[in-house]
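I opened the notebook to look up a few things about one protein. My topics are the nonpolar core, the cysteines and the salt bridges.

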Amino acid sequence: MVAMVMIACTEVKKSQKTGSEQLLERLQALQQKGYMYGHEDDPFYGLQWNGDTLPGVDRSDILSTVGDYPAVMGFDLGGIEMGDAKNLDSVSFERIRSEIVKHYERGGIVTVSWHPRNPVTGGTAWDVSDTTVVRQILNNDSTKAKFALWMSRVGDFLKSVKTADGTPVPIIFRPWHENNGSWFWWGQKLCSDEEYHGLWNTLQDYLRGEGLDNLLWSYSPNLDGSWTEERFLQRYPGNDRVALIGEDAYQWGTEEDFVQQLNADLTFLRDFSAKNEKMMAMTECGYKNLPDSTWWTRVLKPVMDQYPISYFLTWRNYHEEFFAPDPDQVSAADFKRLYEAPNTLFLKDIQE
């Protein structure tokens, strides 16, 4: 009888935790086993196929290469703010919703980013022709009203991402990323630190107010190479607003520069995350078109092995521009070696 009461109490305590709290606990437990592999837009298209032309068929370059799905799948909501049926990558939001739920029900973990259009110019998220966008969102009545509508559309979509029994899918939510660069309208040279904080808080306060307690908020600047705590804190939203600290780290230049910068940043993030009791991850990473057949285990993995990262997510495989292999790609054999390593976790490694 006592044992039954204890089990019941445990279940009650678990049910009282929010979706984001349960997700955080799961990430913390999985980190004891290793770090997870993630892939953006994994089920939608690949190097040699387009999923939208194959309704009802589950495909994945990762599945084809190693016989397993990524542990983490990434999805983007760019375009939802416009009321569009498809996102900026021409994937229907109905399909995105379905694949998020499907991956969660497989036992996988989901992360969502948002590349909203420029609410002042009407351009893309990469339109940096106006340096007053964030300021207008915060202070201009008409822009503020437009952005309020945009936030409501994001909120409505996120609230709709539920299983058949009505369970909201826990999501790592990653807005306003790569803010230390200046290629998005919310970037370093496009708004002040105070304005960036205002933008973050406006969206977070709205979504929290809508009851979206299944979102685990991730802050993820871009590869820097020379972080100091003083400079990092200038745009950091605060410990009460962030659960996971990430970094988007691509090899665009030489291997030597990439390894040096990545080690410097991950050393800083390791220390900062430990001090502030946060998880850390490589929220985006990769090497475009993977010309190096041994990049996975010779360059990337030796760096990652040194740090307590939760996961690393490579960007999408969009035909001629890709960041993960398919079975015929030159780095496929090395990617299999990455898969076989005991501390790299794919879907089968995290299924309960």
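Entry 1, the core. I looked up the largest nonpolar core in this predicted model and found that it has 102 residues. I then asked which residues have the most contacts inside this core. They are Met 36, Leu 158, Trp 176, Met 282 and Phe 312.

Entry 2, Met 36. What does Met 36 touch, leaving out residues up to four places away in sequence? I noted Leu 27, Leu 30, Ala 71, Val 72 and Ile 109 among its contacts. Further along the chain, Met 36 also touches Ser 310, Tyr 311, Phe 312, Leu 345 and Ile 350. Phe 312 is a name I had already written down, as one of the residues with the most contacts inside the core.

Entry 3, cysteines. How many disulfides are there? I counted zero. I looked up two cysteines anyway. Cys 191 has a relative accessible area of 7%, so I put it down as buried. Cys 285 is buried too, because its relative accessibility is 1%.

Entry 4, salt bridges. How many salt bridges does the model have? The count is 20. I went through some of them one at a time.

Entry 5, Glu 25 and Lys 17. These residues form a salt bridge, and their closest N and O atoms are 2.5 Å apart. Are the partners buried or exposed? Neither word fits: Glu 25 is partly exposed, because its relative accessibility is 40%. Lys 17 has a relative accessible area of 31%, so Lys 17 is partly exposed as well.

Entry 6, Arg 270 and Asp 271. Their side chains meet in a salt bridge, with 3.1 Å from N to O. I wrote Arg 270 down as partly exposed because its relative accessibility is 31%. Asp 271 has a relative accessible area of 43%, so it also counts as partly exposed.

Entry 7, Asp 305 and Lys 301. Here the side chains meet in a salt bridge at 2.9 Å, N to O. Asp 305 is partly exposed, with a relative accessible area of 38%. Lys 301 counts as buried, because its relative accessibility is 12% and the cut-off for buried is under 20%.

Entry 8, a network. Which residues are linked in a network of salt bridges? I found Asp 58, Arg 95, Glu 99 and Lys 102 linked in this way. I stopped there for the day.

Technical notes
Residues numbered from 1 in each chain as written. Predicted model: local features only at pLDDT ≥ 70, side-chain atom pairs only at ≥ 80, totals over all residues. Heavy atoms only, no water. Disulfide = S-S within 2.5 Å. Buried < 20%, exposed > 50% of the residue type's maximum accessible area, 1.4 Å probe, protein only. Core = buried A, V, L, I, M, F, W, Y, C linked by side-chain atoms within 4.5 Å. Contact = heavy atoms within 4.5 Å.
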